[in-house]
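Q: I am new to this structure and would be grateful for a close look at a single part of it. Please set that part in the context of the whole chain.

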Amino acid sequence: MSWYLALPSALFALLLLLGGAAALRSGWVVPWQRGHVHRIRLFGWAEVAMGSALALQASTALLHDRGADSTVRLIGLGCLFAGLALLTVSQRPAWKR
């Protein structure tokens, strides 16, 4: 991954990790998500998982070993899918809005 892609990914990962920590610690959710989120703790864990996945993907810019690079990317992809599943479960169903 090039540095011009890794740096914004790392910054976005930091924002997701901070938002997840805020949701887990105090129950705070960004205003445009408040109407959709039903389970705040699951939403916080989803943000933490997705932020760590992006951080793992951005850290592959520092790796030069091809085997380690593919392993880290695979772990990041697994974290991303886990975060997406948690994000889906944490939101209110459409028929109950």
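The part I have in mind is helix 3, residues 66-90. Which of its residues are buried, what do they pack against, and which residues form a nonpolar patch on the surface?

A: The following account begins with the chain as a whole and then turns to helix 3 and its surroundings. The model is a predicted one, and the values given here are computed from it.

The secondary structure of the chain consists of three helices and zero strands, in the order α-α-α along the sequence. Along the principal axes, the C-alpha atoms occupy a box of roughly 50 × 20 × 20 Å. Of the 97 residues in the chain, 30% are buried. The accessible surface amounts to about 6400 Å², and carbon and sulfur atoms account for 70% of that area. Among contacts with a separation of 6 or more, 69% join residues 24 or more positions apart.

Helix 3 itself contains 25 residues and reaches 36 Å from its first C-alpha to its last, close to the 36 Å expected at 1.5 Å a residue. Its buried residues are Asp-69, Val-72, Gly-76, Gly-83, Leu-87 and Ser-90. These buried residues pack against helix 2.

The salt bridge of the structure is a suitable place to begin within the helix. The structure holds one such bridge, and it joins Arg-73 to Asp-69, with the closest N and O atoms 3.2 Å apart. The two residues are four apart in helix 3, and therefore about one helical turn separates them. In general, an α-helix has 3.6 residues a turn, so residues three or four places apart point the same way. The two partners fall into separate classes of exposure. Asp-69 has a relative accessible area of 19% and so is buried, the cut-off being under 20%. Arg-73 counts as partly exposed because its relative accessibility is 29%.

Further along the helix lies a nonpolar patch on the surface. It is formed by Leu-74, Leu-77, Leu-80, Phe-81 and Leu-84, which together have about 470 Å² of accessible area. Phe-81, a residue of helix 3, has a relative accessibility of 52% and therefore counts as exposed, since the cut-off for that class is over 50%.

The end of helix 3 shows the opposite situation. Ser-90 lies in this helix and is buried, because its relative accessible area is 0%. Apart from neighbours within four places in sequence, Ser-90 is in contact with His-36, Val-37, His-38, Arg-39, Leu-42 and Phe-43. One of these residues, Phe-43, also touches Val-29, Gln-33, Val-37 and Leu-87, when residues up to four places away in sequence are left out. Phe-43 is thus in contact with both Leu-87 and Ser-90, two of the buried residues of helix 3.

Leu-87 and Phe-43 also belong to the largest nonpolar core, which has eight residues in all. The other members are Leu-16, Val-29, Val-30, Val-37, Ala-46 and Met-50. Helix 2 gives the most to this core, with three residues.

Helix 2 is the element against which the buried residues of helix 3 pack. Helix 2 has 20 residues and reaches 28 Å between its first and last C-alpha, close to the 28 Å expected at 1.5 Å a residue. Its buried residues are Phe-43, Gly-44, Ala-46, Glu-47, Ala-49, Met-50, Gly-51, Ala-53, Gln-57 and Ala-58. The cover over these residues includes helix 1 as well as helix 3.

Helix 1 completes the surroundings. This helix, residues 3-26, has 24 residues and reaches 34 Å from its first C-alpha to its last, close to the 34 Å expected at 1.5 Å a residue. The buried residues of helix 1 are Ala-6, Ser-9, Ala-13, Leu-16, Gly-19, Gly-20, Ala-23 and Leu-24, and what covers them includes helix 2. Ala-6, for its part, counts as buried because its relative accessibility is 4%. Although Ala-6 and Ala-61 are 55 residues apart in sequence, their C-alpha atoms are 6.6 Å apart in space. After helix 1 comes Gly-27, whose phi is positive, near 80 degrees.

In answer to the request, then, helix 3 has buried residues that pack against helix 2, while Leu-74, Leu-77, Leu-80, Phe-81 and Leu-84 form a nonpolar patch on the surface.

Terms used
Residues are numbered from 1 along each chain as its sequence is written. This is a predicted model: local features need pLDDT of at least 70, side-chain atom pairs count only at pLDDT 80 or more; totals for chains, interfaces and linings use all residues. Side-chain values use heavy atoms; hydrogens and water are left out. Buried means under 20% relative accessible area, exposed over 50%, partly exposed in between (1.4 Å probe, protein chains only). Contact means heavy atoms within 4.5 Å. The expected span of a helix is 1.5 Å times one less than its number of residues. Patches are made of residues with over 30% relative accessible area and no salt bridge: like charges are joined within 9 Å, nonpolar side chains (Val, Leu, Ile, Met, Phe, Trp, Tyr) within 5 Å. Accessible areas come from the Shrake-Rupley method with a 1.4 Å probe; for residues, only the protein chains shown count as cover. A salt bridge is a side-chain nitrogen of Lys or Arg within 4 Å of a carboxyl oxygen of Asp or Glu. A nonpolar core is a set of buried Ala, Val, Leu, Ile, Met, Phe, Trp, Tyr and Cys residues joined through side-chain atoms within 4.5 Å.
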